[in-house]
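These are my notebook entries on a single protein chain. I set down what I looked up, item by item.

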Amino acid sequence: MQEFTINGATGSSKIILDNIPDCLPDLLPGADVFVITDDQVKSHWGHFFPNAPVYVMKAGERSKTIDTATDICRWLTKVGADRSSFILGFGGGVVCDMTGFVASVYMRGVSFGYVPTSLLAQIDAAIGGKTGINLDGFKNMIGTFRQPKFVLIDPQTLNTLPDIEYRNGLAEAVKHCLIADKSMFNMLMEHIPDILAKKTNLIRQLIERSVRVKVDIVNRDELEAGERRKLNLGHTWGHAVEKTDTIPHGQAVSIGLAFAAKLSEQRGMLKKTQRQDIIRLLQLLGLPTETNTPAALIYDAIQKDKKKEDDKIHFVFIKEIGSVEVIPITMKELTKGFI
Ligand SMILES: NC(=O)c1ccc[n+]([C@@H]2O[C@H](COP(=O)([O-])OP(=O)(O)OC[C@H]3O[C@@H](n4cnc5c(N)ncnc54)[C@H](O)[C@@H]3O)[C@@H](O)[C@H]2O)c1
């Protein structure tokens, strides 16, 4: 068992890497428990759910809306959830974001925990207490900061995760390498076939190291006033591509990472050889690094992005593999990367 702790102003969170049947019963409180999941996850892992009422969302990003949140709140009222209840989100990043959001606002906030089941959720979405739902196609426009009581990561759930979803999670792992763990980058590069084959010991290492990168940053800057912005590496461009191309989050992040590497090289911050290594790793992991969408459409989507303050965007540049810097830049400077 491996354990990490986040101690934040919005609560403390225990992140545990272990197996569900042994750990989940002890983590759940004596209070009434209500489970939120999606139809895919329920069909594979429903036998691990606690004996409790279950709300089943339709799987996928399209469910991450205010309508779903409202529907879940109505359901919670109907099944008798009150302020002492506990909500368990069991699923991928969409389920975790939705659970965290609903738990933050239902009756002004109830306790919650996660069992993340996709790689992306295990190393990123479930960690750090940020929740978000989409509005009119724009990503995470409504959200809260609130820590789950626990995050129980069981790598065995990845056995049923479709390959494409698994690769989406690998994009966030590459992001963590670029931010703060060069040796994990090298480890990925050296073990591509085994990583793609989900070899257990490597996956555990990958999850542990990725979680550590995120936990360390969140412990230093929970509310994203400064350093946490580094975790948005690849996301300025990525979120815009996700919206314009309607591709999964992880693929969009991969394209965003490639774009960040390009802009960093153009600015003289990143060596050409390192940019090439980043692109090669993403491609060898089966991830896209380019989009065919006209730049003007992406530009338009970025302008509407919530992370734009006045005319400046806090863009995350890569200085070298394992080190990044957040620099406010204008939209005009950003467009240099289009060329
Ligand atoms: N809050 C945060 O800090 C944060 C960080 C990163 C990403 N996110 C959000 O996370 C979301 C993406 O997460 P995701 O990629 O997990 O998407 P997802 O939740 O849609 O899961 C992807 C697909 O995999 C299926 N799935 C999940 N676990 C499975 C399993 N074990 N076996 C079989 N199928 C399984 C789901 O049903 C879904 O169809 C995005 O909405 C993104 O904005 C949030």
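Why does glycine 91 count as buried? I note at the outset that the model is predicted. I looked up the C-beta neighbours inside 10 Å of glycine 91 and found 31. The cut-off for a buried residue is 20 or more within 10 Å, so glycine 91, with its 31 neighbours, counts as buried.

**Entry: surroundings of glycine 91**

I placed glycine 91 in strand β5, which covers residues 86-91. Leaving out residues up to four places away in sequence, I listed its contacts as Thr37, Asp38, Val41, Cys96 and Thr117. I also checked glycine 91 against alanine 59: the two are 32 residues apart in sequence, and their C-alpha atoms are 9.3 Å apart in space.

**Entry: β3, α2 and β4**

I next turned to strand β3 (residues 33-38), which pairs with β4 in the parallel sense over 4 bridges. Within this pairing I found threonine 37 opposite valine 56 of β4. Threonine 37 had already appeared in my list of residues touched by glycine 91. I then followed the chain through helix α2 (residues 39-45) and recorded that β3, α2 and β4 make a right-handed β-α-β unit.

For strand β4 (residues 54-57) I sorted the residues by face. Tyr55 and Met57 belong to the covered face, whereas Val54 and Val56 belong to the uncovered one. I recall that side chains in a regular strand alternate between the two faces of the sheet.

**Entry: helix α11**

I took the span of helix α11 (residues 249-266) from its first C-alpha to its last. The helix has 18 residues and reaches 25 Å, close to the 26 Å expected at 1.5 Å a residue. I then asked how many of its 18 residues are buried. The count is 17, and I entered the helix as mostly covered. After α11 comes glycine 268, for which I noted a positive phi, near 80°.

**Entry: the two domains**

I recorded the division of the protein into domain 1 (2-160) and domain 2 (163-338). Their centres, taken over C-alpha atoms, are 25 Å apart. I found 27 residues of domain 1 in contact with 30 residues of domain 2. On the side of domain 1 that touches domain 2, at least two residues come from each of β1 (2-8), β2 (11-17), α5 (119-125) and β8 (138-145). I sorted the residues of that side of domain 1 by class and obtained 15 nonpolar, 10 polar and 2 charged.

Terms used: Residues are numbered from 1 along each chain as its sequence is written. This is a predicted model: local features need pLDDT of at least 70, side-chain atom pairs count only at pLDDT 80 or more; totals for chains, interfaces and linings use all residues. A residue is buried if 20 or more other C-beta atoms lie within 10 Å of its own, exposed if 12 or fewer, and partly exposed in between; C-beta atoms are placed from the backbone. Two strands pair if DSSP finds at least two bridges between them. A crossover is right-handed if, with the strands pointing away from the viewer, the path from the first strand over the helix to the second runs clockwise. The expected span of a helix is 1.5 Å times one less than its number of residues. Two residues are in contact if their C-beta atoms, placed from the backbone, lie within 7 Å. Domain bounds come from an automatic or database domain assignment. Ala, Val, Leu, Ile, Met, Phe, Trp, Tyr, Cys and Pro count as nonpolar, Asp, Glu, Lys and Arg as charged, and the others, Gly among them, as polar.
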